[in-house]
Amino acid sequence: MTSPLQKGANNTQTDTRVQVGVKPLISPVPPVALVSSKGARRWANGHPWIYRSDVVTRPAADAGAVLVHNGAGAPLGWALWSPRSEISLRLLDRSPRAQIDAQWWRARLEHAIARRAPLDDVATAFRLVHGEADGCPSLICDRYDRWLVVQLLSAGLERFRDAIVESLIALVEPQGILARNDVPVRAKEGLPRETVILFGDVPREIEVIEYGLRYLAAPWEGQKTGAFLDQRENRALAGAVARGRALDCFSYHGSFALHLARQATTVLALDASAPALARARDNAARNDLHNIEFVEADAFEWLRAAERRRERFDTIVLDPPAFAKTRDALPSALRGYKEINLRAMRLLATGGSLFTASCSYHLTKALFLEVLEAAAADSGRRIAIRELRGQPLDHPEVLTIPESGYIKGALLEALD
Ligand code: SAH
């Protein structure tokens with residue numbers, strides 16, 4: 001019955017019992033955080049985070065699991081406690097009677113993994129755990145074929161590293177687990193930034209299959225945990241409508257371009273990064289696709305020049321990096337999104353399709369649509385919305401947790 005949360009308890013009652021070697025009949029008193037009514041309201045409204053300013057009495061404990069009480073002393077449930085972070089408490093379980101131990105984590109992970117079963121038919125790489133949205137706050141776990149890449153993003157979670165790794169081994173039977181804990185948010189938690197093996201071994205490159213296409217993921221050094229798994233369904237959609245002359249801007253490793261190339265006559269894959277394009281070339285060869293041309297260029301400049309040359313494309317994909325990484329960057333990001341969408345709309349042939357996306361969290365769904373409307377108004381074209389897209393099954397966006405959602409997509413058609 002030793003639960004990790006007890007390690008954090010440092011009240012005298014517990015200590016005395018340990019010293020005299022008497023096994024307690026009831027569990028020792030766990031560390032408690034007392035939160036303001038504002039903090040309690042966040043949980044009541046479905047958001048798992050309670051900020052430092054709403055913690056009235058900090059738990060006398062190291063990072064780990066703590067019990068949360070409201071001002072009246074009523075227990076609200078269990079949370080991960082991060083002493084150094086602005087996000088002090090992350091909801092784990094609303095039941096005060098829960099035991100946050102290895103079994104608890106195993107049940108949570110099992111539930112999250114089971115939800116992804118339908119993806120087994122379409123891909124060998126997908127997200128198994130999407131943090132707070134899967135009830136596993138600050139934990140990311142992506143599967144790449146027989147390997148897992150995880151991110152443990154809070155000090156409280158770090159205390160459960162062993163339990164999580166053991167559960168993942170039991171549930172998925174992977175050949176290796178890599179922690180891509182090199183992300184900046186770890187510093188805010190007082191945690192080291194590192195990329196380390198937690199189990200077995202993980203290769204530098206992993207070939208994954210997605211809707212019948214092969215591409216290499218780079219778990220150790222690639223963006224995110226090694227690939228952009230969050231656009232899988234959108235790549236399939238863009239591939240399904242592709243035809244004629246196609247353009248994939250911000251191509252990275254060419255994953256949209258590969259899908260376009262199966263249907264289109266020719267594809268132009270454009271990216272500012274030569275190493276990214278080298279991988280895209282390799283991925284094309286891996287699939288015996290020979291109708292992709294690779295162009296190293298700045299997308300803004302290239303699109304402007306293509307418009308001057310009056311080029312036309314039947315299919316265009318715009319999947320840029322997050323232009324608004326912070327709220328302050330939003331105004332200039334809006335100009336950037338509008339500009340590329342406007343140019344792409346003008347380059348569309350009559351009846352042509354544009355799949356356009358934004359992965360900036362700060363650009364809301366409403367703002368994304370506003371940008372597209374403004375671009376369409378300036379383009380001089382009649383642009384129809386064929387489909388609005390959100391996040392796939394394996395990246396659930398919970399309505400009460402805005403931070404769990406960031407991808408917006410739209411499939412547009414030039415009517416004339
Ligand atoms: N569509 C890709 C992900 C795109 S990631 C996929 O589904 O896998 C963003 C890419 O945009 C990166 O490869 C980066 O090199 C590229 N990029 C960033 N700024 C750019 C610019 N101004 N012009 C062209 N490419 C750019």
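This short talk walks through the aromatic rings of the structure above and the charged side chains that sit over some of them. Please keep in mind, as we go, that the model is a predicted one.

Let me begin with the ring pairs, of which the count comes to 9. Take Trp49 and Tyr51, whose ring centres are 6.4 Å apart and whose planes stand at 80°, so this pair is edge-to-face, given that planes over 60 degrees apart are put in that class. How buried or exposed are these two residues? Trp49 has a relative accessibility of 13% and therefore counts as buried, while Tyr51, at 27%, counts as partly exposed.

I would now like to turn to Phe250 and Phe323, which also form an edge-to-face pair, with 6.2 Å from centre to centre and 65° between the planes. Where in the chain do these two residues lie? Phe250 belongs to the loop between strand S14 (245-249) and helix H9 (255-261), and Phe323 to the loop between strand S17 (313-318) and helix H12 (330-347), so that the pair, 73 residues apart, links distant parts of the chain. Both Phe250 and Phe323 are buried. If you follow the ring pairs further, you will find that they join Phe250, Phe300, Phe323 and Tyr337 into a cluster.

Finally, let us look at the charged side chains. Arg235 lies over the face of Phe256, at 5.9 Å from the centre of the ring, and in another such arrangement the charged end of Arg309 sits over the ring of Trp302, 5.6 Å from its centre.

Conventions. Residues are numbered from 1 along each chain as its sequence is written. This is a predicted model: local features need pLDDT of at least 70, side-chain atom pairs count only at pLDDT 80 or more; totals for chains, interfaces and linings use all residues. Side-chain values use heavy atoms; hydrogens and water are left out. Rings of Phe, Tyr and Trp (its six-membered ring) pair if their centres lie within 6.5 Å; planes under 30 degrees apart count as stacked, over 60 as edge-to-face and the rest as tilted. Buried means under 20% relative accessible area, exposed over 50%, partly exposed in between (1.4 Å probe, protein chains only). Helices (H or I, at least four residues) and strands (E, at least two) are DSSP runs, numbered from the N terminus. A charge sits over a ring if NZ of Lys or CZ of Arg is within 6 Å of the ring centre and within 35 degrees of the ring normal.
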